[in-house]
Amino acid sequence: MPFNYSHTKCPKCGHTSFELVEDAPSHSNFKMWYMRCSSCKTFLHASSYININSQIEEVKKKLGI
Ligand SMILES: [Zn+2]
């Protein structure tokens, strides 16, 4: 798969490569994943450290639904 084939650009520096980093924001009991520019480290998006969708699938499997 080509790297960054969507040609998404950083809003700050215009760089086109991004990285996911794990962090725990202040006042949070949960870890988060941050999507950020790999060049200037500008924050772009956060998502839960725990993948809720995969957990729901596991529960559904256990319940047989
Ligand atoms: Zn940037």
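What follows is a short talk that walks through one protein chain, from its overall layout to a few individual residues.

Thank you, everyone. Before anything else, please keep in mind that what we are looking at is a predicted model, and that the values I quote are computed from that model.

Let me begin with the elements. The protein chain has three strands and one helix, and if you follow the sequence from its start, the order in which they come is β-β-β-α. As for overall dimensions, the C-alpha atoms fit in a box of roughly 50 × 35 × 15 Å along the principal axes. The radius of gyration of the protein chain is 16 Å, whereas a compact globule of 65 residues would have a value near 11 Å. Burial gives a related view, since buried residues account for 2% of the 65 residues in the chain. If we take the contacts between residues at least 6 apart in sequence, 26% of them join residues at least 24 apart.

Now to the sheet. In what order do the three strands stand in the open sheet? The order is β1-β2-β3, and the pairing is antiparallel. β1 and β3 are at the edges, where each has a single partner strand, and therefore one side of each has no neighbour in the sheet. From one strand to the next, the twist averages 25°. As background for those new to this, the strands of a sheet pair through backbone hydrogen bonds, in either a parallel or an antiparallel way.

Let me take the two pairings in turn. β1, which covers residues 18-23, runs antiparallel to β2, residues 32-37, and six bridges join the two. Two examples can be found in the structure above: Glu 19 has Arg 36 in β2 as its bridge partner, and Asp 23 stands opposite Met 32, also in β2. On the other side, β2 pairs with β3 in the antiparallel sense over five bridges, and here Met 35 has His 45 in β3 as its bridge partner.

How many of the six residues of β1 are buried? The number is zero, so β1 lies largely in the open. β3 is likewise hardly covered, as the count of buried residues among its six residues is zero.

The connection between β2 and β3 deserves a closer look. These two strands form a hairpin with five residues between them, and in the turn we find Lys 41, with a positive phi of about 65°. Lys 41 takes this positive phi although it is not a glycine. In terms of surroundings, Lys 41 has 13 other C-beta atoms within 10 Å, and because a residue counts as exposed at 12 or fewer and as buried at 20 or more, Lys 41 is classed as partly exposed.

A second residue of this kind is His 7, which lies in the segment before β1. The phi of His 7 is near 60°, again a positive value in a residue other than glycine. His 7 is exposed, with 6 other C-beta atoms within 10 Å.

Staying in the segment before β1, we also come to Ser 17. Is Ser 17 buried or exposed? Ser 17 counts as exposed, with 11 C-beta neighbours inside 10 Å. Once its neighbours within four places in sequence are left aside, Ser 17 is in contact with Asn 4, Ser 38 and Ser 39. For one of these partners we can also give a separation: Ser 17 and Ser 39 are 22 residues apart along the chain, and their C-alpha atoms are separated by 7.4 Å.

That leaves the helix, α1, at residues 52-63. Its twelve residues, at 1.5 Å a residue, should span 16 Å, and the end C-alpha atoms are 16 Å apart, which agrees. None of the twelve residues of α1 is buried, so the helix lies largely in the open. Ile 52, which has its place in α1, counts as exposed, with 9 C-beta neighbours inside 10 Å. To relate this helix residue to the sheet, the C-alpha atoms of Ile 52 and Met 35 are separated by 18 Å, while the two residues are 17 apart along the chain. Just after α1 comes Gly 64, which takes a positive phi of about 70°.

To bring this together, the picture from this predicted model is of an open, antiparallel sheet in the order β1-β2-β3, and of a helix, α1, that lies largely in the open because the number of its residues that are buried is zero. Thank you for listening.

Conventions
Residues numbered from 1 in each chain as written. Predicted model: local features only at pLDDT ≥ 70, side-chain atom pairs only at ≥ 80, totals over all residues. Helix = DSSP H or I, 4+ residues; strand = E, 2+ residues; numbered from the N terminus. Rg over C-alpha atoms; globule rule 2.2 N^0.38 Å. Contact = placed C-beta atoms within 7 Å. Pairing = 2+ DSSP bridges. Expected span 1.5 Å × (residues − 1). Axes fitted to C-alpha atoms, helices over the stretch in contact; angles between N-to-C directions.
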